[in-house]
Amino acid sequence: MSDFVSVASDGDVAVVTIDNPPVNAMSFHVREPLHQALAALRDDPSVAAIVIACAGRTFVAGADITEFGKPVQQPELRAVIAVLEAIAKPTVAAIHGTALGGGLELALGCHFRVADSKAKLGLPEVKLGLLPGGGGTARLPRLVGAEKALGMIVSGAPIGAAEALEAGLVDAMFDGDLLAQTVRFASELVVKGGPFLPVRNRNDRLGKADLAAFDRQAAELAKKARGLEAPIACAVAVRNAVTLPFDETLAAERELFLNLVAGDQSRAQRHLFFAEREAAKGPAKDLSRRKIARVGVIGAGTMGGGIAMAFANGGFPVTLLETSEEALQRGLATIDKNYAVSVARGSLAEDAKRERLGLFKGSTDYADLADCDLIVEAVFEEMAVKQEVFGRLDAVAKPGAILATNTSYLDVNAIAASTSRAQDVVGLHFFSPANVMKLLEIVRAERTAPDALATVVELARGIGKVPVVVGVCHGFVGNRMLAARGAESEALLLEGATPSQVDRVFTEFGWPMGPFQMGDLAGLDIGWRNRKARGLTAVIADALCEQGRFGQKTGSGFYRYENGSRTPVPDAEVEALIRAKAAEKGTTPRAIGADEIIERTLYPLVNEGAKILEEGIAARASDIDVVWVNGYGFPVGKGGPMFWAGLEGAGKIVERLEYWHQHTDRPIFQPATLLRRFAETGSWEAAARP
Ligand code: 3HC
Ligand code: NAI
């Protein structure tokens, strides 16, 4: 009856199949024929039961996100679900793949849900800055209870079929031919006879809700929301399901949804959803891929160990190489300990740990890397050491093996030049801890072969990373912009701000922590050593390091950390040190406001991003946003620095940069041409057009 929705009969069971590749989103062109089909089947006396199933790789994975922010085309999802829910004959959703968001809400409009044992079910709307808007907050709690529903809706994390069965969300779980078994399930219902209760009239676990416990759970979640509106709205909506009649719950959900979908935070999060997928596409699809079966990692320190774990977690056997047996055993012991922590936390099963550890092969002999298809170097950050390593790799690696460096700053072209196969060399800049952090900057060097690049982009997705292809420059996209963000930190302190004041402005903006807390966490000695090597100074940070204050690891840095705690405590000694250094420079402290802190740290961040775009180091503004949200904690509700520039007003940013440029003459404040053009055109794409 339509290209996207078809109806077939199996005896007196009608099977409605949705076929809207790739993920069966509930686009208008699905809703309209589905609405019609359901109304017709409702009135068709030859039909005794209705099954809703999907073609392709998944059940409906949600509303069509591309339609948000545009005028709604009727029938909307809620109207389709209303028709479905009012049908008296038994209705069953046959779920395979993922039933997410509006997809799960559609399934909740059925009397019954059955699932393939590998299926996943969830309401991930919160990750788009939304709440379920198709009745999910009203119906899910009726089946699984308010607390379980709150956990699912506020985290947005899907649950597996077995958990869904246990929770009461699905009624049966099958292996094998899902459709045949669902039709049989529906036929049995017909034989058994009704009446069949729609979810709206059920109260399986909701009646037992403990509101006090619910409110405690909601308050905890609100604390973690860091300024995001959606998680709070989710909690309000689920609470309504307990306290209000069904139709009022639904109406309140609608209102909350409409507010969120029109807001900047959801716009920002939807931007990031598509930005991540765009970034992960990498070079042309039709390029061939190199086969990666075994991965080598050189250096078993902080990064090498984490990188090795990231590949083992993705199922790859890993050869881990160190300079000495002692360093190797130390590295392997750390990996063992990290997995043990996951087991203790309950996030990894003991036999899965054993399986992963079984994937590691330690070595101190470069010849053992000969069977690796990808080799990632994570040795000390020194060009001479890296070049020596790549020279040795050139001698032992198999032809066509991809040779990658995890350098944070160094010139990947110069590293590639130490081999006879620059076409196989690429940067894979993981973030610490590499087994946890999602971002992977993939550095395309001048001579990197397109198929090598395509291979690592695909591989990155395969091990659960968010890849972004970047070009060669000092610090690539992330660390180069980080340097621009941090450039004014010391000046702000000398002029009168305190570390805790600056950090508070950052956390109020939505960052997980401010720059001084971050410095203390990462270790101030790293930057200190780096500066010394490059003949640079930072008055306050250098003085702290000279006193042995390296941050959390020594119990003090910009803050004090008492008795091994990670909580930063402002330290009068540091403030005295800052004032003394200011006096030496003849600076009189003045009051510095939050606006000035933003202008002097985040405006240069945006400005550097514009320069990076101008130079072609990043392909799109949205790639830069993906880097900053996934690698540096830029608040998701603001969409990344380049998206936020639009919210903040590019004209205002240019004007204030000009002001600071005049007052300080520092190049970080010189507005980039592309930023000026963004201010004129209102879009980064338009700004980049000649
Ligand atoms: N709407 C529109 N397009 C979507 C979409 C959606 N809900 N979900 C995925 N897509 C698109 C992607 O943009 C991508 O397009 P591209 O190929 O042009 O880049 C394509 O489908 C494939 O997506 P993925 O690359 O993400 O495919 P995966 O196989 O890796 O993952 C998935 C599949 C797990 C379903 C993942 O796509 C996903 O998580 N999708 C979003 C699910 C979601 O958030 N649903 C809730 C939507 S909001 C909602 O339902 C509101 C309701 O309550 C009213
Ligand atoms: P690290 O000092 O913890 O580890 C380096 C390891 O390499 C040591 O175990 C050392 O024994 C080993 N090593 C040195 N020379 C070697 C050689 N020739 N052959 C084999 N092994 C050798 O250093 P870390 O922090 O792991 O950094 C490694 C690289 O990763 C550097 O290039 C660094 O810039 C980069 N990086 C570091 C990040 C971090 O947060 N620490 C983040 C992203 C990148």
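**Exercise 1. What phi does Gly633 take just after α26, and what is the cover of that helix?**

Let's start at the end of a helix. Just after α26, Gly633 adopts a positive phi of about 80°. Helices here are DSSP runs of H or I with at least four residues, strands are E runs of at least two, and both are numbered from the N terminus. Helix α26 spans residues 621-631 and is mostly covered, with 11 of its 11 residues buried. Buried stands for under 20% relative accessible area, exposed for over 50%, and partly exposed for what lies in between (1.4 Å probe, protein chains only). Among the buried residues of α26 are Asp623, Asp625, Trp628 and Asn630.

A word on the setting: this is a predicted model in which local features need pLDDT of at least 70 and side-chain atom pairs count only at pLDDT 80 or more, while totals for chains, interfaces and linings use all residues. Residues are numbered from 1 along each chain as its sequence is written, chains are lettered from A and ligands numbered from 1 in the order in which they are written, and side-chain values use heavy atoms, with hydrogens and water left out.

**Exercise 2. Describe the surroundings of ligand 1.**

Step 1: list the neighbours. Ligand 1 is surrounded by 26 residues, and the closest are Arg57, Ala63, Glu105, Glu125 and Arg277; a residue is near when one of its heavy atoms lies within 4 Å.

Step 2: look for polar contacts (a pair of N or O atoms within 3.5 Å; within protein, one must be able to donate a hydrogen and the other to accept it, and residues adjacent in sequence count only if both atoms are side-chain atoms). Arg57 places a polar side-chain atom 2.7 Å from an oxygen atom of ligand 1, and Glu125 does so at 2.5 Å. From Gly133, a backbone N or O atom lies 3.0 Å from an oxygen atom of the ligand.

Step 3: check the cover. Ligand 1 taken alone exposes 990 Å², of which the protein buries 75%; accessible areas come from the Shrake-Rupley method with a 1.4 Å probe, and for residues only the protein chains shown count as cover.

Step 4: find the main contributor. Helix α11 (264-279) gives the most to this shell, with three residues.

**Exercise 3. Now treat ligand 2: which residues come nearest?**

Step 1: of the 20 residues around ligand 2, Met303, Glu322, Glu381, Lys386 and Ser408 come nearest.

Step 2: a backbone N or O atom of Met303 is 2.7 Å from an oxygen atom of ligand 2. The side chain of Lys386 brings an N or O atom to 2.5 Å from a ligand oxygen, and Tyr366 has a side-chain N or O atom 3.4 Å from a ligand nitrogen.

Step 3: on its own, ligand 2 exposes 830 Å², and the protein buries 78% of that.

**Exercise 4. Where do the unusual backbone values lie?**

Step 1: recall that most residues other than glycine have a negative phi, and most peptide bonds are trans.

Step 2: a cis peptide bond joins Gly194 and Pro195, with omega about 0°; Pro195 sits in the loop between α7 and α8. Another cis bond runs from Ser432 to Pro433, with omega near -10°, and Pro433 belongs to the loop between β15 and β16.

Step 3: Asn24 has a positive phi near 55° and lies in the loop between β2 and α1. Because its relative accessibility is 2%, Asn24 counts as buried. Arg226 has a positive phi of about 45° in the loop between α8 and α9, and is partly exposed at 49%.
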